[in-house]
Amino acid sequence: MAEVTTNSGRTVRVIAITMKSIGFYVWQRRWFFIAMGVGAIMMALPPPDGLSQKGMTVLTMSVVATILFVTEPVPLPTVALLIVVGQVILLGLDSTSVATSLMNDSVLFIMGSLMLAVAVVKQKLDKRLAFFIVRMTGTKTSRICIGISAVSGILASFIGEHTVAAMMLPVGLTLITLTSDDPRQVRRLAAVILFSISYGCSIAGIGTPSGGARNAIMIGYWREFFYDPANPDTYKFLIDYVTWMAYAYPMFLLQLPFVTLILLHTFRPEHRDLSRAVVKLRAQIQEEGGMTTRGWATIVLFFLVLLGWIFGSDALGLGTIAVLGAAAFLVAGLVNWEDMNSGVNWGVVLLYAAVISLGVQMKETGAAKWVAEGFIAMLSPFGADQGIGLWVAVSALTTAVTNTMSNGAAVAVLGPLVLNLADIAGESPLLIGFITAVSSAFAYLTVVGTPACTIVYASGYLKTSDFLVVGWRMVLMSTAILLVAASVYWPLLGT
Amino acid sequence: MADQASERKFRILVCIDGTEESYRGASFAAEFGPEHDICLCYVRPMDHGLRSGGLNVRIARENMLNWGLELPGITYLKKGRDVLIAHGAMGDDWKEEATHVDVEGDPLGDNKIEYTDKTGKKIILKLKVAFNVPSGILEQTEVAHYDLIILGASERWRRGKTKSFWDPAVAEKVVDHAPCSVLVARELDAVRGHLICSDGSEHANAAIERNLFLASHGNAPVSILAVSPDVEGEAAAAGHLAKLKSIFDAKRITIKNSYTRIGDPVEQILEVGADYSVIVVAESGKTPWARFFSSSVSQDIMQTAPNSVMIVR
């Protein structure tokens with residue numbers, strides 16, 4: 001059947017297609033436009049009592065940035081660029097001072113740690129790790145899971161959870177596929193093994209400053225907000241590597257046994273013994289031969305970086321040592337720049353830099369204090385404006401936020417608010433800061449919460465609903481241990 | 001134009017996500033007949049560096065490959081291909097050609113394996129990278145022409161209207177924007193036949209007529225249904241049914257059962273449709289805004305039917 005199309009009909013069709021394309025574009029970016037709309041409305045409103053016009057502007061920028069973090073309608077580094085532009089245009093800050101505020105020791109540390117992570121992952125030490133785990137644990141599923149959680153956790157506490165998750169993922173998947181090629185036959189086993197990796201890493205990421213970007217961000221906030229070189233009383237806010245470990249490492253160790261218990265109880269794996277898979281895995285690993293010189297060199301170099309963080313961070317800063325470590329890997333020829341360049345997501349470094357810079361503005365314009373006062377007033381009727389009630393509220397707030405965005409972004413966004421909250425409520429900023437940083441690891445409920453969860457989810461074996469099924473148990477366990485540490489252990493350290 | 005159209009192959013896009021429903025979709029596509037082309041497509045959302053703590057997820061993927069492990073999308077597509085082979089839609093001796101297309105922002109890019117037999121029939125395995133899953137599926141319909149998209153339904157679809165409008169399920173989004181007919185699969189099988197529903201409008205009948213091949217799924221038994229909202233409209237509904245029957249008679253397609261029902265169209269269609277494998281309805285033609293403010297029968301059926309629903313365009 002021949003179709004007759006007139007010029008006007010064609011025009012109407014072209015207009016209809018164009019309108020549909022524009023509609024689709026707007027729909028795709030709807031959260032961007034909503035965020036901008038919210039920002040425009042907030043900026044048009046007069047600032048509430050107690051908040052300056054500049055404070056209102058920074059608060060508006062923070063609200064818009066948070067909406068964009070959670071909904072991700074545009075590539076996230078775009079948010080960083082908008083924060084930079086906003087500080088210059090809306091706050092009237094000098095362009096050079098905004099640029100300067102983007103780089104500090106915390107950002108340098110995040111950048112250096114990510115480069116180190118790529119350098120370590122590239123050395124193919126994962127097969128040695130797998131060999132170590134199966135030799136240590138035997139063939140029982142429960143013992144293998146404990147071994148995976150422990151090894152993942154101990155390593156993640158020093159070299160970052162993303163690094164270890166990336167290294168351990170093939171180890172876990174190999175054990176799963178060697179048990180059965182049919183994913184339906186090993187559905188629950190896969191969940192237990194993969195969650196052992198991700199949760200092992202997540203609980204350990206808080207153990208040391210190098211465990212995750214959020215730790216460096218909180219250390220940076222303490223220094224920016226409370227440290228005064230002229231006042232010796234504020235020196236306690238310069239948290240070094242060992243001090244952080246003293247607070248946070250026991251938290252990781254206490255949670256470790258519960259991870260396996262919760263996972264085994266929740267998923268009840270189909271196979272109680274993985275002898276067949278372990279035998280095949282051992283054979284595969286033995287084909288690889290012994291530890292290479294590169295492997296040993298990597299271990300030695302990383303150990304030196306660790307010693308630098310422990311003994312030299314006071315003088316040089318954590319960031320300088322991380323960057324020095326990355327440079328040492330490049331000089332030693334253990335990794336090439338192209339690998340580092342493609343392995344690190346530089347947009348994320350820029351994003352953290354911009355959010356920390358905005359966080360400092362939140363404090364300086366009084367916006368953080370105003371929000372904190374409002375939050376305290378809201379908690380007051382429930383008796384949660386101080387003491388353990390406040391700790392629970394801060395932990396719950398952080399847990400809720402970290403489950404909707406990355407834990408680094410959660411600490412970057414919440415840091416200025418909770419530290420002001422501590423100040424107003426007469427609580428120790430160190431204690432509240434640690435509660436926030438530790439709670440940011442309780443992102444067990446969603447795929448996007450922690451880097452380790454995102455990486456194991458990429459295996460394709462897990463469903464998003466699996467995170468909910470096991471995650472709430474993990475949240476309860478971790479919160480209980482956090483509150484015990486905050487009320488019994490941390491006061492012994494002088495918070 | 002007409003010649004080109006007649007030469008153009010019938011093409012089905014089956015969205016594979018590793019679920020049993022998606023493999024049932026592949027079986028269903030294979031049963032359509034031996035001549036048409038089938039593309040099995042897995043869409044991987046682009047990596048977001050912030051979620052993985054600033055370390056690109058590709059590092060983990062490279063590690064998986066170093067261990068000889070397959071990436072999940074490839075495993076799923078291979079399983080989908082095995083389903084097609086098991087149904088005789090593809091042979092072991094077909095010519096194989098792999099292609100890669102760079103995608104800005106993702107080093108893995110789009111990857112395709114195209115299998116071709118001597119007659120030119122193609123089976124394509126496509127691993128696609130996109131901003132999100134529905135965008136990927138819709139982008140694929142722009143890359144090549146498809147007559148039918150088959151994809152699994154999502155439970156998430158059944159939430160409230162406002163939530164659904166702002167954050168629709170993958171299937172819902174694809175149904176809204178796809179340029180061709182869409183089969184949303186739920187417990188999909190071809191045994192119980194298809195129930196074809198029409199409100200008697202020119203728009204609906206034209207859509208069904210253009211898609212008779214789809215609506216009747218090769219040799220699947222076909223039944224038809226017309227619903228009148230009240231007793232006064234019963235005669236008109238019977239007229240709609242007769243009109244629909246004449247469309248099928250003209251194409252020599254046998255009608256197994258004819259139904260005329262009185263009552264709420266959605267309720268009646270769901271009640272009769274419960275005994276069928278697939279409920280076939282024509283697209284309402286309403287925009288998402290219009291659907292938000294006044295309900296669309298086809299959309300309501302899609303959301304609430306316990307079995308598979310095909311929207312024909």
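Me: Before we start, what does contact mean here?
Reply: Contact means that heavy atoms lie within 4.5 Å. Please note also that this is a predicted model.

Me: How many residues do chain A and chain B each bring to the contact?
Reply: Chain A provides 50 residues and chain B provides 35 residues.

Me: And what area is buried between chain A and chain B?
Reply: The buried area is about 3600 Å², and carbon and sulfur atoms give 63% of it. Phe24(A), Trp27(A) and Glu72(A) supply 15% of the area that chain A buries against chain B, which is more than any other three residues supply.

Me: Which helix gives the largest share of the side of chain A that touches chain B?
Reply: That is helix 9 of chain A (residues 161-179), with 10 residues. By type, this side of chain A comprises 27 nonpolar, 14 polar and 9 charged residues.

Me: How many salt bridges are there between chain A and chain B?
Reply: The count is 0. For residue pairs in polar contact, with both residues at pLDDT 80 or more, the count is also 0.

Me: Back to Glu72(A): where is its place in chain A?
Reply: Glu72(A) sits in the loop between helix 3 (53-71) and helix 4 (76-89). Its phi is near 45 degrees, a positive value in a residue other than glycine. Most residues other than glycine have a negative phi.

Me: Is Glu72(A) buried or exposed, and why?
Reply: Glu72(A) counts as buried because its relative accessibility is 10%, and the limit for buried is under 20%.

Me: What about Arg268(A): buried or exposed?
Reply: Arg268(A) counts as exposed, at 52% relative accessibility, since exposed means over 50%. Arg268(A) lies in the loop between helix 12 (241-267) and helix 13 (275-287) of chain A, and its phi is near 45 degrees.

Key. Residues numbered from 1 in each chain as written. Chains lettered and ligands numbered in written order. Predicted model: local features only at pLDDT ≥ 70, side-chain atom pairs only at ≥ 80, totals over all residues. Heavy atoms only, no water. Buried area = accessible area lost by both parts, 1.4 Å probe. Salt bridge = Lys/Arg side-chain N within 4 Å of Asp/Glu carboxyl O. Polar contact = N/O pair within 3.5 Å; in protein donor to acceptor, adjacent residues only side chain to side chain. Helix = DSSP H or I, 4+ residues; strand = E, 2+ residues; numbered from the N terminus. Nonpolar A, V, L, I, M, F, W, Y, C, P; charged D, E, K, R; others polar. Buried < 20%, exposed > 50% of the residue type's maximum accessible area, 1.4 Å probe, protein only.
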